[in-house]
Amino acid sequence: MLIPKKVKHRKWQRGSIKGSATSKTMIDFGSYGLKSMENGMISSRQIEAARRAMTRFVQKGGKIWIRIFPDKPVTLHGSEVRMGGGKGSVDHYVATVKRGTVLFEMDGVPESGAKEAMRLAAHKLSVKTKFVQKGD
C-alpha cells in the first residue's frame with residue numbers, strides 16, 4: 001500500500017473537494033487512461049486493489065502508471081468510544097481526486113485489453129470513471 005514517508009503535519013483537516021481538476025487532466029505517459037468523472041477520496045487500499053486488478057489482467061505485457069498518491073491522513077476514533085477525548089488517531093491515507101483527473105495510465109497492450117483492464121480497476125474505486133485514449 002502507498003503511504004507517505006513523512007508528512008508536515010500528522011493530522012489534517014478534512015477540507016472540501018469542489019470544482020474540476022486543473023492538473024493531471026491529460027494522458028502524459030501511456031496511450032490509454034482512466035479518468036475520474038466525479039470528486040472524491042480514493043484510499044491507498046483502493047489504489048492498490050485497482051493496480052493489482054490491472055496487472056493481473058495484462059500479465060507480463062504492458063506498463064502501468066499510477067498518477068495519484070494518497071498523501072492526506074484520515075483520522076478515526078475506535079468503535080464504541082465515548083464523545084470527546086480529542087481527535088482520533090490516523091487510520092489511513094487518501095488521495096483527493098477532482099473531476100477530470102487521470103488516475104491510471106497504460107501502454108503496450110491492445111485497446112481492447114486496456115479497456116477491460118481499466119474496467120476491472122474501475123470497479124475497485126469509489127468514484128465514477130471513464131476510459132480515455134491519448135488523442136481524446
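**Entry 1: contacts of Lys72**

I count a contact when heavy atoms lie within 4.5 Å. The model I am browsing is a predicted one, and I opened it at Lys72, which is found in strand E4. Which residues does Lys72 touch, leaving aside those up to four places away in sequence? I listed Trp12, Gln13, Arg14, Gly15, Met41, His92, Tyr93, Val94 and Thr96.

Next I looked for a charged partner. Lys72 is buried yet has no salt bridge. The nearest side chain of opposite charge belongs to Asp71, and I noted it at 8.1 Å. A salt bridge needs the nitrogen within 4 Å of a carboxyl oxygen, so Asp71 at 8.1 Å does not qualify. What does the side chain of Lys72 reach instead? I found the backbone oxygen of Arg14, at 2.2 Å. Arg14 is also one of the residues on my contact list for Lys72.

**Entry 2: salt bridges**

How many salt bridges does the structure hold? My tally came to five. As a reminder to myself, side chains of opposite charge can pair when their charged atoms come close.

I took Arg67 and Glu105 to begin with. Their closest N and O atoms are 2.3 Å apart in a salt bridge. Arg67 sits in the loop between strand E3 (63-66) and E4, while Glu105 belongs to strand E6 (residues 102-107), so this pair ties together parts that are 38 residues apart in sequence. Are these two residues buried or exposed? Arg67 is buried, with a relative accessible area of 12%, and Glu105 counts as buried too, at 0%. I then followed the charges outward and found Asp28 linked with Arg67 and Glu105 in a network of salt bridges.

**Entry 3: pairs within helices**

I moved on to helix H1 (residues 44-58), where Glu48 and Arg51 lie three residues apart, about one turn of the helix. Their side chains meet in a salt bridge, with N to O at 2.7 Å. Glu48 is buried, its relative accessible area being 17%. I put Arg51 down as partly exposed, at 27% relative accessibility.

Helix H2 (residues 111-122) gave me Glu116 and Arg119, again three residues apart and about one turn of the helix. I read 2.7 Å between the closest N and O atoms of this salt bridge. Glu116 is partly exposed at a relative accessible area of 26%, and Arg119 is partly exposed as well, at 38%.

**Entry 4: positive phi**

I closed the session with backbone angles. Where does Lys24 lie? I placed Lys24 in the segment before strand E1 (32-36). Its phi is near 60°, a positive value in a residue other than glycine. Lys24 is partly exposed, with a relative accessible area of 37%.

Glu80 also went into my notes, since its phi is a positive value near 60° and the residue is not glycine. I located Glu80 in the loop between strand E4 (72-76) and strand E5 (89-97). Is Glu80 buried or exposed? Glu80 counts as exposed, with 82% relative accessibility.

How values were computed:
Residues numbered from 1 in each chain as written. Predicted model: local features only at pLDDT ≥ 70, side-chain atom pairs only at ≥ 80, totals over all residues. Heavy atoms only, no water. Helix = DSSP H or I, 4+ residues; strand = E, 2+ residues; numbered from the N terminus. Buried < 20%, exposed > 50% of the residue type's maximum accessible area, 1.4 Å probe, protein only. Lys, Arg positive; Asp, Glu negative; His and termini not counted. Polar contact = N/O pair within 3.5 Å; in protein donor to acceptor, adjacent residues only side chain to side chain.
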